[in-house]
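Hi,

Here's the structure I said I'd pass along. Have a look at it first, and then my notes on what turned up are below.

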Amino acid sequence: MNEAYIPAIITASVALLAAVGAQYLSHHFNNQRENKKRQDEIYQEFIYPFVSDVLFFYETSTAFREDHIDQKVDVNKLLNNISEKVSYGNMRLLSSYYEINKMNYYADYRGWSKESNTLVFLFWYLDYVIEILQQKNPKKDSMYKNIIRTQKLYAIWYLVADEIGYPLSIEFMKYDFYLYENFLPEIEIKVLRDLVNSNRVNYRQRRFNFLKMVIREFERKEENDHSYPGLQELKEHIERNKIIASN
């Protein structure tokens with residue numbers, strides 16, 4: 001190669017690399033701006049209008065002192081409102097909402113399936129909310145901490161309801177404050193995601209093992225032989241079905 005061409009080749013190569021780098025950076029920052037715009041839109045349209053009512057639905061439905069509640073959340077209205085914006089969600093939410101709607105067309109032989117599916121949907125809704133809010137670094141915010149705690153409680157509520165029925169599970173969850181101090185903080189959300197998402201038949205023993213941990217936490221708090229609503233029923237239910245679950 002003629003050495004006279006080398007400076008020109010170097011200059012051209014540098015210019016090409018600079019152009020490619022500039023294009024990459026421009027594309028990168030454009031993507032960042034679009035992602036931020038999308039995140040802000042999801043927050044404004046899908047989180048801000050509904051997340052408070054999702055939290056209030058749990059709190060008012062399972063309140064230990066019902067006489068302190070002036071108004072409860074209309075969960076059917078809440079679901080309808082969220083469904084109108086569900087395109088802002090993910091496939092998990094679309095699938096969960098489908099399971100709720102399916103019960104409008106099929107007979108519910110087990111009982112309370114729509115209510116149980118609603119708990120699953122609200123669990124995944126809060127899971128999605130947390131995913132979006134994490135982009136805003138809200139870890140010290142008290143509402144963010146409440147969202148994390150309530151998501152875990154929705155999972156436990158669903159798992160209990162799926163075993164002993166929705167009405168009795170409400171009574172059971174009225175004593176959820178016994179889980180606040182040690183139990184909830186130690187549970188990894190990944191464990192609850194797996195349990196909520198697991199097939200009820202194939203993973204029933206895993207569910208039973210988890211519910212036994214919940215029962216032990218309640219029993220550890222028991223005083224003066226006080227029996228909590230649903231506790232004995234859940235224990236007996238697991239005992240009756242443990243052979244089936246192990247097979």
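Arginine 204 counts as buried, because its relative accessibility is 11% and the cut-off for buried is under 20%. You'll find arginine 204 in helix H10, which covers residues 204–221. If you want a distance to check, try arginine 204 against lysine 242: they sit 38 residues apart in sequence, and their C-alpha atoms are 8.7 Å apart in space.

One thing to keep in mind throughout is that this is a predicted model.

Now the overall picture. The protein has 11 helices and 0 strands, so if you walk along from the N terminus you just read α-α-α-α-α-α-α-α-α-α-α. Of the 247 residues, 40% are buried. Among contacts with a separation of 6 or more, 73% are between residues 24 or more positions apart. The accessible surface is about 15,100 Å², and carbon and sulfur atoms account for 51% of that.

The pocket is probably what you'll open next. How much space lies in the largest pocket? About 580 Å³. Its lining has 27 residues, and the ones nearest its centre are Glu99, Asn117, Val120, Tyr158 and Asp162. Helices H4 (91–102), H5 (113–133), H6 (142–164) and H9 (189–197) are the elements that each give two or more residues to that lining. H5 has the largest share, with 5 residues.

H6 also holds methionine 143. This methionine is partly exposed, at a relative accessible area of 34%. Leaving out neighbours within four places in sequence, methionine 143 is in contact with Val51, Ser52 and Leu55. Methionine 143 and serine 52 are 91 residues apart along the chain, yet 9.2 Å separates their C-alpha atoms.

Next, helix H3, residues 75–83. Which of its residues are buried? They are Val75, Leu78, Leu79, Ile82 and Ser83. Looking down the axis of H3, these buried residues fall within an arc of 130 degrees, so they line one face of the helix. The general background is that an α-helix has 3.6 residues a turn, so residues three or four places apart point the same way. At the N-terminal end of H3, aspartate 74 acts as the cap: one of its side-chain oxygens lies 3.2 Å from the backbone nitrogen of asparagine 76.

Two single residues are also on my list.

Serine 169 lies in helix H7 (residues 166–173). Is serine 169 buried or exposed? It is buried, with a relative accessible area of 0%. A polar atom of the serine 169 side chain is 2.6 Å from the backbone oxygen of tyrosine 166. Not counting residues up to four places away in sequence, serine 169 touches Trp157, Val160, Ala161 and Ile164.

Tryptophan 112 is the other one. It has a positive phi of about 65 degrees although it is not a glycine. For context, most residues other than glycine have a negative phi. Tryptophan 112 is in the loop between H4 and H5, and it is partly exposed, with a relative accessible area of 42%.

That's my list.

Cheers

Key
Residues numbered from 1 in each chain as written. Predicted model: local features only at pLDDT ≥ 70, side-chain atom pairs only at ≥ 80, totals over all residues. Heavy atoms only, no water. Buried < 20%, exposed > 50% of the residue type's maximum accessible area, 1.4 Å probe, protein only. Helix = DSSP H or I, 4+ residues; strand = E, 2+ residues; numbered from the N terminus. Arc of directions from axis to C-beta. Polar contact = N/O pair within 3.5 Å; in protein donor to acceptor, adjacent residues only side chain to side chain. Contact = heavy atoms within 4.5 Å. Areas by Shrake-Rupley, 256 points an atom, 1.4 Å probe, with all protein chains shown as cover. 1 Å grid on protein atoms, 1.4 Å probe; cavity = no way out; pocket = protein on both sides within 12 Å on 5 of 7 lines; lining within 4 Å. Points joined across faces, edges and corners; volume = space filled by probe spheres on them.
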